[in-house]
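Here are my notes on this two-chain model, as promised. Have the structure open while you read, since I go through it point by point.

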Amino acid sequence: MTSIDGATRDIAAEVREAILAVYRDTARPPRDTPGSALLGGDLGLDSLDLAQIIVLLERSLGVDPFRDARGSAPHPPIRTVDHIVALYAATLAARS
Amino acid sequence: MNGPRSGPVSNRGRATVESDTPSAAVCEVTTIVSGGSRGLGLAVAQRLLERGDRVATFSRSGSAALVALAAKHPGRVHHEQLDAADSDAVRRFVGNTVDRFGRVDHCVANAAVAAEGILATMADADIDAMLTVNLRGAIVLVRECVRQFLAQPRSLPDADAGAGSVVMVSSVVAARGSPGLAVYAATKAGLEGFARCLAREVGPRGIRVNAVAPGFLATDLSATLSPSDRERIVRRTPLGRLGDTADIVGAIDFLTGPGAAFVTGQTLTIDGGGAT
C-alpha cells in the first residue's frame, strides 16, 4: 500500500495486533509484520492462524468479511498483511 | 438411540432467560448444552452444574424441570427458547452466553429431532427437519463455540481442561444401523465424521472434539419399543440391560473434564457392549 488514510491505518494496526495475539497464544516468537509480508512464507501463519485472526478482528472491528459475504462474489486470495487490511477496509467502507 | 422424538421444528427466536442474577466472572467454566430442557440434555446440565460449571442451554420450549434446576443454581443457568435450525439465533445465543458468563469452555451438541419411518415413505419435511436440526444446527453451534474458543484467553481454573472442548451427541445407530432410522442415522454419522475432522483441524489450539454414541436408553426414547424388541436388545447386550441417561452423562462429564485432556477425535460408544 502506498497511500493509506487514517481509517485504514487503524485497521492495519488492528490486523497487526491480531497477528501478534496469535503468536502469543501459540507461544511463538513475534515477527515483524510489514504490509507486504506473506502470511505463510514470511510470517509462518497457517489457515487456522488466519481463522483466529479473523475471529479476533471481528471482535475489534465488528465485521467478518467472510461471514458477511453471504451469496456475494468470492474474495480475492489473502496472501499478505496488506490483503487483509484491504479486505477489511473494503468491508467497512461498504457498510458505511 | 438418543434424541428427543418430535416432529418438524417451527417456532423461532423467542428468548427467555430462566435464571436470575446475572454474573460475569470470567474464571469459571461455562458449558453450552443444546437441548437442555429435558431428557439427556437436562441431565447433562444438571451434572455439569453439580460439578461447578455454569450452563447455558437452549431449546424450542422450556420445561418445569429446567426452571427448577435454574432455581437450584441461581445465576448459573442461562436458557433461551429458540430453534436450533435458526443459525442467527444460535449465533446470538453464543454471544449472549459470553456476555453473561464471560466465556465458553465446553460445548455439548445434544439438540436433535427424530422422525421414524421407512425412507420410501418419509416426507421431505421430516428429512429436512432432521438434517437441519441434527446436522446443520449442531455444526453451526460448534462453529460459533470454536470461534469463541479461538478468541478468548486459554487460562482456565483447571489448566488441564485445555482450550475448549466439544462433545457431539451421536447415536449407536450411526454405526450399527436400524430400520426406520436411516435419515436420523445419517445425521448422527455425519456428526461423527465432523468430530473426527474438526478434532484434527483445531487440535493445534488444544481444542478437543469428541462424540458419544449412546445405545438404546431406558427412557421415553425407547418407550416405543415393543416388549419383544426391548427384550431382544437386552439379550444382545453383554451388560444385560438398557442404558440409562446417567451412563451417558458420565461419559460427557469425562470428555469435558481434565481426565480427557489427551482424548480427541474419538467416538465413545455407550451401549453396554451391544455394538461389539
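1. How many residues of chain A are in contact with residues of chain B? Seven of them, and they touch eight residues of chain B. Keep in mind throughout that this is a predicted model. On the chain A side, the biggest giver is helix α2 (residues 47–61), with six residues. Sorted by class, that side of chain A comes out as four nonpolar, one polar and two charged residues.

2. Now for the helix pair at the interface. α2(A) packs against helix α4 of chain B (residues 124–151) at an angle of about 85 degrees, and the two axes are 9 Å apart. That puts α2(A) roughly perpendicular to α4(B), because an angle of 65 to 115 degrees is what counts as roughly perpendicular. From α2(A) the residues involved are A51(A), Q52(A), V55(A), L56(A) and R59(A), and they meet R147(B), L150(B) and A151(B) in α4(B). The residues of this contact split into five nonpolar, one polar and two charged.

3. Chain A itself is quick to describe. It has three helices and zero strands, so to speak an α-α-α pattern when you read along the sequence. Of its 96 residues, 26% are buried. Among contacts in chain A with a separation of 6 or more, 68% are between residues 24 or more positions apart.

4. On confidence in chain A: the average pLDDT is 89, and 89% of the residues score at least 70. Among the elements of the chain, α2(A) has the highest mean pLDDT, 96, while helix α1 (residues 6–25) has the lowest, 92. So the helix with the highest mean in chain A is also the one that gives the most to the side touching chain B.

5. One backbone detail in chain A is worth a look. A27(A) has a phi near 55 degrees, which is positive even though the residue is not a glycine. Most residues other than glycine have a negative phi. You will find A27(A) in the loop between α1 and α2 of chain A. Is A27(A) buried or exposed? It counts as exposed, because there are 6 C-beta neighbours inside 10 Å and the cut-off for exposed is 12 or fewer.

6. Turning to chain B, there are eight helices and seven strands. Of its 276 residues, 49% count as buried. For contacts in chain B with a separation of 6 or more, residues 24 or more positions apart account for 75%.

7. Inside chain B, α4(B) has a second partner to check. Its axis and that of α3(B) come within 9 Å and cross at roughly 35 degrees, and the crossing is right-handed. Which residues make the contact? S87(B), V90(B), R91(B), V94(B) and V98(B) come from α3(B), and G137(B), V140(B), L141(B), E144(B), C145(B) and Q148(B) from α4(B). By class these are six nonpolar, three polar and two charged.

8. Staying with helix α3 of chain B (residues 87–101), D88(B) has its place there. With 11 other C-beta atoms within 10 Å, D88(B) is exposed. Its C-alpha atom is separated by 44 Å from that of S228(B), 140 residues apart along the chain.

9. D105(B) makes a useful contrast in burial. It is found in the loop between α3 and β4 (106–109) of chain B. Why does D105(B) count as buried? Because it has 26 C-beta neighbours inside 10 Å, and 20 or more is what buried requires. The C-alpha atoms of D105(B) and L42(B) are separated by 18 Å, with their positions 63 residues apart along the chain.

10. L42(B) also turns up in the last helix pair I looked at. The axes of helix α1 (residues 39–50) and helix α2 (residues 64–72) of chain B come within 11 Å and cross at roughly 5 degrees. The two helices are therefore roughly parallel to each other. L42(B), A45(B), Q46(B) and L49(B) of α1(B) make the contact with A65(B), L66(B) and L69(B) of α2(B). Six of these residues are nonpolar, one is polar and none is charged.

Key
Residues numbered from 1 in each chain as written. Chains lettered and ligands numbered in written order. Predicted model: local features only at pLDDT ≥ 70, side-chain atom pairs only at ≥ 80, totals over all residues. Contact = placed C-beta atoms within 7 Å. Helix = DSSP H or I, 4+ residues; strand = E, 2+ residues; numbered from the N terminus. Nonpolar A, V, L, I, M, F, W, Y, C, P; charged D, E, K, R; others polar. Axes fitted to C-alpha atoms, helices over the stretch in contact; angles between N-to-C directions. Parallel < 35°, antiparallel > 145°, perpendicular 65-115°, else oblique. Left-handed = near helix turned anticlockwise from the far one by under 90°. pLDDT = per-residue confidence, 0-100.
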